[in-house]
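Thanks for sharing this one. Please have the sequence and the model open side by side while you read my notes.

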Amino acid sequence: MVVGGGAAGIELSLAMRARWGQLSSLGITLLDSNKELMPGESLACRSALKGIMNKYKIDVHHNVFVDEV
């Protein structure tokens, strides 16, 4: 599980998938406090990111706030 849907969280999620992608049972979840990934970016960029996360089977949960780790 990765907390934070900014550039660092997205990159970490993708790096985990690249490193351990051969483990079919590995589920990667990204928790984001916003309504969408990278809200300051263009619609095209956000759409591309969503497609990439889907392609690599990274579950993204929006509007999630983490109180404790």
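Here are my comments as numbered points, moving from the sheet to the surface and then to a charged pair.

1. A reminder before we start: this is a predicted model. Please read each point below with that in mind.

2. Let's begin with the sheet. It is open and built from three strands, in the order 1-2-3, with parallel pairing. Strand 1 (2-3) and strand 3 (58-61) take the edges. Each of these two has a single partner strand, so one of its sides has no neighbour in the sheet.

3. How is strand 1 joined to strand 2? The two run parallel, and two bridges connect them. Val3 is a handy residue to click on here, as its bridge partner in strand 2 is Leu31.

4. Next, look at what packs on the sheet. Helix 1 (residues 7-20) does so, touching strand 1, strand 2 and strand 3. The direction of helix 1 makes about 180 degrees with that of strand 2.

5. Val3 deserves a second look. This residue lies in strand 1, yet is Val3 buried or exposed? With a relative accessibility of 52%, Val3 counts as exposed, because the cut-off for that class is over 50%. Together with Val66 and Val69, Val3 makes a nonpolar surface patch of about 330 Å².

6. Now for the charges. How many salt bridges are there? The count comes to one, and the side chains that meet in it are those of Arg46 and Glu36, at 3.3 Å from N to O. This pair links distant parts of the chain, 10 residues apart. Arg46 sits in helix 2 (residues 43-55), while Glu36 belongs to the loop between strand 2 (28-31) and helix 2.

7. The two partners fall into separate accessibility classes. Arg46 has 18% relative accessibility and counts as buried, because buried means under 20%. Glu36, at 32%, counts as partly exposed, because its value falls between the 20% and 50% limits.

8. Finally, which residues does Arg46 touch, leaving out those up to four places away in sequence? They are Glu36, Leu37, Met38, Pro39 and Glu41. So when you display this buried arginine, I would show these contacts alongside the salt bridge to Glu36.

Conventions. Residues numbered from 1 in each chain as written. Predicted model: local features only at pLDDT ≥ 70, side-chain atom pairs only at ≥ 80, totals over all residues. Heavy atoms only, no water. Salt bridge = Lys/Arg side-chain N within 4 Å of Asp/Glu carboxyl O. Helix = DSSP H or I, 4+ residues; strand = E, 2+ residues; numbered from the N terminus. Buried < 20%, exposed > 50% of the residue type's maximum accessible area, 1.4 Å probe, protein only. Pairing = 2+ DSSP bridges. Contact = heavy atoms within 4.5 Å. Axes fitted to C-alpha atoms, helices over the stretch in contact; angles between N-to-C directions. Patch = residues over 30% accessible without salt bridge, like charges linked within 9 Å, V, L, I, M, F, W, Y side chains within 5 Å. Areas by Shrake-Rupley, 256 points an atom, 1.4 Å probe, with all protein chains shown as cover.
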